[in-house]
Amino acid sequence: MSAVIGMAKITAKGQITVPAAVRDAVEVRNGDDILFIRDDDGRIRVSSSEVEAILRTQLALEGAADEAGISSEGDLLQLISQVRKEKYSKEQR
């Protein structure tokens, strides 16, 4: 269900002040970038650019752990250790 959590007026220069309730809901602070995203149904969403980047990265990497055979935190830590050893080995050459 949709709910209005704030309203803003557009100035002559096309600027708006994002209401505090919206900033809190989107979890943005002073200096953060926000995105305005048009969904397929024409609705506009407001999102934190950082949160959106994380979500897109998660989608892009979906299934990668399974493909790499990573099924536990221990598997991941082992992979990280292996990569670090290989990197250190290359730096020593």
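Buried denotes a relative accessible area under 20%, exposed one over 50%, and partly exposed the range in between, computed with a 1.4 Å probe on protein chains only. Helices (H or I, at least four residues) and strands (E, at least two) are DSSP runs, numbered from the N terminus.

The model is predicted: local features need pLDDT of at least 70, side-chain atom pairs count only at pLDDT 80 or more, and totals for chains, interfaces and linings use all residues. Residues are numbered from 1 along each chain as its sequence is written, and side-chain values use heavy atoms, with hydrogens and water left out.

**Exercise 1. Helix H2**

Task: Determine whether H2 lies largely in the open, and compare its expected span with the distance between its end C-alpha atoms.

Solution. Step one concerns burial: the number of buried residues among the 13 of H2 is 1, so the helix lies largely in the open. Step two concerns length: the expected span of a helix is 1.5 Å times one less than its number of residues. For H2 (residues 49–61) this gives 18 Å, and the end C-alpha atoms are 18 Å apart, in agreement. Step three moves past the helix: Gly63, which follows H2, has a positive phi near 90 degrees.

**Exercise 2. The hairpin of E1 and E2**

Task: Describe how E1 and E2 are joined, and characterise Ser47 and Ser48.

Solution. Step one is the pairing, which requires that DSSP find at least two bridges between two strands. Strand E1 (residues 34–38) is joined to E2 by 5 bridges, and the two run antiparallel. Leu35 stands opposite Ser47 in E2. The hairpin has 5 residues between its strands, and Gly42 adopts a positive phi near 95 degrees.

Step two is burial. Ser48 belongs to strand E2 (residues 44–48); its relative accessibility is 4%, and therefore it counts as buried. Ser47 also lies in E2 and is buried, because its relative accessible area is 8%.

Step three is contact, meaning heavy atoms within 4.5 Å. Not counting residues up to four places away in sequence, Ser48 touches Val26, Val28 and Asp33. With neighbours within four places set aside, Ser47 is in contact with Val26, Ile34, Leu35, Ile37 and Glu52.

**Exercise 3. Lys9**

Task: Locate Lys9 and classify its accessibility.

Solution. Lys9 is found in the segment before helix H1 (20–26). Its relative accessibility is 72%, so Lys9 counts as exposed. Leaving aside neighbours within four places in sequence, Lys9 is in contact with Gln15 and Ile16. Lys87, 78 residues apart from Lys9 along the chain, has its C-alpha atom separated from that of Lys9 by 53 Å.
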